[in-house]
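Student: I would like to go through a structural model and ask, for each descriptive term, what justifies its use.

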Amino acid sequence: MSESRIKISPEDYKKTLEGLELNSIILKEAKCYLNHEIKSPKELNISINSKEDFKIKEADEEVLIFQKYTLDARQKNSKSRFIQIEVTFLVRLTSKEKFSEDFFNIYKEINLKLNTWPYFREFVNNITMRMNVPPLTLPLFKVK
């Protein structure tokens, strides 16, 4: 018999969200790669993945969220990577309510990316310009 998993109610999600305060968004780590042997392609296939995790510092009532984005850009119909960018942001929050895994599973898909995506977009645009390739402008983040 499978155990049913308790989900957070919309009311509890809203209450927890209202009790959050953003302390800071910090660039924790970045890794960038450019394949300089490939001439800058006119069109790229770009894939972006994200991975999120959190840690609660109960003594400070602080929540640490780690948001990692990985961008992989390849010339169309090519197996060779042209650009790869990995960026991890540390989001520091204070929570008045209990910050649960059920809350986080929803928060990471909607609210977290609304806060970190603009930082990632700016980083990618800036770093590709520094790589001396046409700067990449990523699309707006849209909640699904």
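The discussion below takes up the fold, the aromatic pairs, the largest pocket and several single residues.

Tutor: This is a predicted model, in which local features need pLDDT of at least 70, side-chain atom pairs count only at pLDDT 80 or more, and totals for chains, interfaces and linings use all residues. Residues are numbered from 1 along each chain as its sequence is written, and side-chain values use heavy atoms, with hydrogens and water left out.

Student: How many helices and strands does the protein have, and what makes a run of residues count as one?

Tutor: The protein has 3 helices and 4 strands. Helices are DSSP runs of H or I with at least four residues, strands are DSSP runs of E with at least two, and both are numbered from the N terminus. Read from that end, the order of elements is α-β-β-β-β-α-α.

Student: Why is the protein called more spread out than a compact globule?

Tutor: The radius of gyration, taken over C-alpha atoms, is set against the globule rule, 2.2 Å times the number of residues to the power 0.38. For 144 residues the rule gives 15 Å, and the protein has 18 Å, well over that value, so the description follows. Along the principal axes, the C-alpha atoms fill a box of roughly 50 × 40 × 25 Å.

Student: What share of contacts joins residues at least 24 apart?

Tutor: A contact means heavy atoms within 4.5 Å. Among contacts between residues at least 6 apart in sequence, 71% join residues at least 24 apart.

Student: Why is the pair of Y69 and F89 called edge-to-face?

Tutor: The structure holds 13 aromatic pairs. Rings of Phe, Tyr and Trp (its six-membered ring) pair if their centres lie within 6.5 Å; planes under 30 degrees apart count as stacked, over 60 as edge-to-face and the rest as tilted. The centres of the Y69 and F89 rings are 6.4 Å apart and the planes stand at 70°, so the pair is edge-to-face. Because Y69 lies in strand β3 (residues 62–75) and F89 in strand β4 (residues 81–95), the pair ties together parts that are 20 residues apart in sequence.

Student: How do you know that Y69 and F120 are stacked rather than edge-to-face?

Tutor: Their ring centres are 4.5 Å apart and their planes differ by 15°, and an angle under 30 degrees counts as stacked. Y69 is in strand β3 and F120 in helix α3, so this pair ties together parts that are 51 residues apart in sequence. Both Y69 and F120 are buried, and F89 is buried as well.

Student: Which residues do ring pairs link into a cluster?

Tutor: The cluster consists of Y13, F54, F99, F103, F104 and Y107.

Student: What makes a space a pocket rather than a cavity?

Tutor: On a 1 Å grid over the protein atoms alone, a cavity is a set of points where a 1.4 Å probe fits but cannot get out, whereas a pocket is an open set with protein on both sides within 12 Å along at least five of seven lines; lining residues have an atom within 4 Å of a point. The largest pocket has 14 lining residues, and E109, K113, F141, K142 and K144 lie nearest its centre. Two elements, β2 (44–57) and α3 (111–130), give two or more residues to this lining.

Student: Why is M131 called buried, but V143 partly exposed and N77 exposed?

Tutor: Buried means under 20% relative accessible area, exposed over 50%, and partly exposed in between (1.4 Å probe, protein chains only). M131 has 15%, so it is buried; V143 has 43%, so it is partly exposed; N77 has 83%, so it is exposed. Not counting residues up to four places away in sequence, M131 touches C32, Y33, L34 and I83, while V143 touches I110 and L114.

Student: What makes the phi of N77 and of N132 notable?

Tutor: Most residues other than glycine have a negative phi. N77, in the loop between β3 and β4, has a positive phi near 60°. N132, in the segment after α3, has a positive phi near 65°. With a relative accessible area of 73%, N132 is exposed.
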